[in-house]
Amino acid sequence: MSFTIQNALIPLASGYATVDVRIEADRIAAIAPHLEPVGTVIDGQNKLLLPGFFNAHTHSSEFWQRGMIPPYPLELWLAELYDFTLFSPEQIYLSALATAAETLLSGGTCVVDHLVLIPGQEEETIAAAARAYEEIGIRAFIGPLIQDASLTESIPSGGKLLEHQPYARTTQETLSLMERAIDRFHRPEAGIHLMLAPTGMQLCSDALFEGCVTLSDRYQLCCHTHLLETRAQQLLAQEKYGYSAVQHLKHLGFLTPHTSLAHCVWLDDADIEILSETRSTVVHNPLSNLRLGSGVAPILKYRQAGVNVTFGCDGSASNDGQDLLEAIKIGTLLHNVTDTDYRHWISPREAIEMASLGGATGLNLAEQTGSLTVGKKADLVLYDLTNLSLLPRTDPIGLLVMGRPASAVAQVWVNGQTVVAKGKVQTIDVDLLRQEIFDRSQWQTNRQSAMVQQVEAHYRSVMGLLDDES
Ligand SMILES: [Zn+2]
């Protein structure tokens with residue numbers, strides 16, 4: 001199928017141009033003013049055309065707990081999250097659809113789902129998420145969230161001898177599970193990619209990381225993990241390895257140009273050098289880092305060291321939404337308070353490039369998508385510049401990044417297929433989805449997490465937090 005977008009505004013190196021864009025099958029076939037229209041004609045008048053953004057780190061099933069976890073740091077927040085994580089594959093399917101819909105309606109055409117697996121129904125979990133993404137038509141990278149240590153091991157011991165439950169699966173069982181999942185679900189031609197995504201050094205053995213590297217080499221897949229999100233993890237890395245976790249992951253062969261690393265808040269200059277040398281990608285999740293008090297990632301240092309950086313929303317329970325434009329805005333502005341030299345601050349155009357080409361680069365797709373380039377996949381978003389939130393007519397990209405765009409996405413194509421038109425998702429019934437989610441949830445404010453109570457005293461003690469005197 002072919003179509004032609006007429007008279008759309010696109011950014012040039014500086015300023016804008018009004019052009020026609022012809023799409024043939026799944027690719028951008030031509031970009032020029034006054035093209036001979038081929039196929040359906042799409043009116044791009046007073047609209048801005050950009051490459052789709054990447055929601056480069058999220059956990060779709062957290063959707064069911066958004067808005068309700070108290071203001072806790074990551075380690076306690078996780079204890080509460082997992083205390084109440086009892087899902088069915090049907091819920092996984094619904095939350096994947098909702099995550100994809102919110103991503104699409106905020107400018108995203110690709111989602112990286114670091115997918116929490118239902119114990120005992122691991123393959124059903126992956127099947128449910130893959131089905132959702134294929135149905136809605138977003139490009140998806142599914143990284144089943146795997147680990148081989150139990151949750152309490154993610155908190156530094158502080159020199160105490162602590163007892164931990166053994167993890168439910170052995171390392172080898174987990175790697176075999178991944179191999180079966182790759183065989184069953186990795187179908188890039190259908191827009192569904194599997195990736196190797198150990199949770200993070202805080203919950204994974206060297207053997208698990210090495211097994212992931214082997215599978216990644218064997219099947220040519222991307223790797224993904226959380227890296228030094230919190231100060232507790234930095235302390236734990238010192239306890240576990242006696243030196244930098246980044247250095248350790250490099251030794252294990254985990255850091256490569258097709259590895260993306262969520263958070264990267266607690267890295268030092270030597271670590272940054274390693275990311276630059278290994279050409280790994282940093283996924284900046286500013287809202288989650290604020291919500292959980294994790295810290296501010298040194299994003300401007302990464303950029304100055306030549307490290308590729310892109311944006312993610314992170315899971316909906318630590319954000320508590322999936323508005324990619326919001327993540328891009330906060331992730332762009334946040335650093336103006338940490339770095340006084342304004343010449344290094346991120347400009348709106350740089351932010352757009354980080355969100356599109358930066359995302360594609362980290363997923364080894366830069367040759368395929370991530371920019372308005374003839375020959376690349378048509379993963380495109382058309383923004384309505386007559387929308388009140390994008391008025392008046394000043395600099396459209398400036399307003400898109402620094403303003404507060406509301407329902408500004410008019411049309412989205414993924415792989416040349418229409419996914420959103422007239423501001424509405426076309427591929428699934430969003431009203432029905434809303435009804436299903438409404439029916440399967442209830443208003444609640446007073447749940448108590450037993451696991452938080454179990455770990456809180458130890459957490460406070462190792463983090464040097466004193467209880468208030470009463
Ligand atoms: Zn995460």
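A nonpolar core is a set of buried Ala, Val, Leu, Ile, Met, Phe, Trp, Tyr and Cys residues joined through C-beta atoms within 7 Å. The views below show a predicted model.

**View 1. The largest nonpolar core and its most connected members.** The core holds 138 residues, and those touching the most other members are Ala100, Ala129, Tyr133, Ile138 and Ile142. Helix 2, residues 89-104, makes the largest contribution to this core, with nine residues. At least three residues of the core come from each of domain 1 (2-50 + 373-425) and domain 2 (52-362). In soluble globular proteins, nonpolar side chains tend to be buried together.

**View 2. Surroundings of Tyr133.** Leaving aside residues up to four places away in sequence, Tyr133 touches Ala96, Ala100, Ile138, Ala140 and Ile192. Two of these contacts, Ala100 and Ile138, are themselves listed with Tyr133 as residues that touch the most other core members.

**View 3. Strand 5 and its partner, strand 15.** Strand 5 spans residues 47-51, and five of its five residues are buried. Its two faces are both covered: one carries Lys47, Leu49 and Pro51, the other Leu48 and Leu50. Strand 15, residues 380-384, runs antiparallel to strand 5 and is joined to strand 5 by five bridges. Within this pairing, Pro51 has Leu380 of strand 15 as its bridge partner.

**View 4. The open sheet of strands 11 to 14.** Four strands make up this open sheet, in the order 11-12-13-14 and with parallel pairing. Strand 11 (223-227) and strand 14 (308-311) are the edge strands, each pairing on one side only. From one strand to the next, the twist averages 30°.

**View 5. The pairing of strand 13 with strand 14.** Strand 13 covers residues 281-284 and pairs with strand 14 in the parallel sense over four bridges. Opposite Thr281 stands Asn308 of strand 14.

**View 6. The chain as a whole, for placing the close-ups.** The chain contains 15 helices and 18 strands. Its C-alpha atoms fill a box of roughly 75 × 50 × 50 Å, taken along the principal axes. The radius of gyration is 22 Å, which agrees with a compact globule, because a globule of 470 residues would have a value near 23 Å. Buried residues account for 50% of the 470 residues. Of the contacts between residues at least 6 apart in sequence, 76% join residues at least 24 apart.

Technical notes. Residues numbered from 1 in each chain as written. Predicted model: local features only at pLDDT ≥ 70, side-chain atom pairs only at ≥ 80, totals over all residues. Buried ≥ 20, exposed ≤ 12 C-beta atoms within 10 Å, placed from the backbone. Domains from an automatic or database assignment. Contact = placed C-beta atoms within 7 Å. Rg over C-alpha atoms; globule rule 2.2 N^0.38 Å. Pairing = 2+ DSSP bridges. Axes fitted to C-alpha atoms, helices over the stretch in contact; angles between N-to-C directions.
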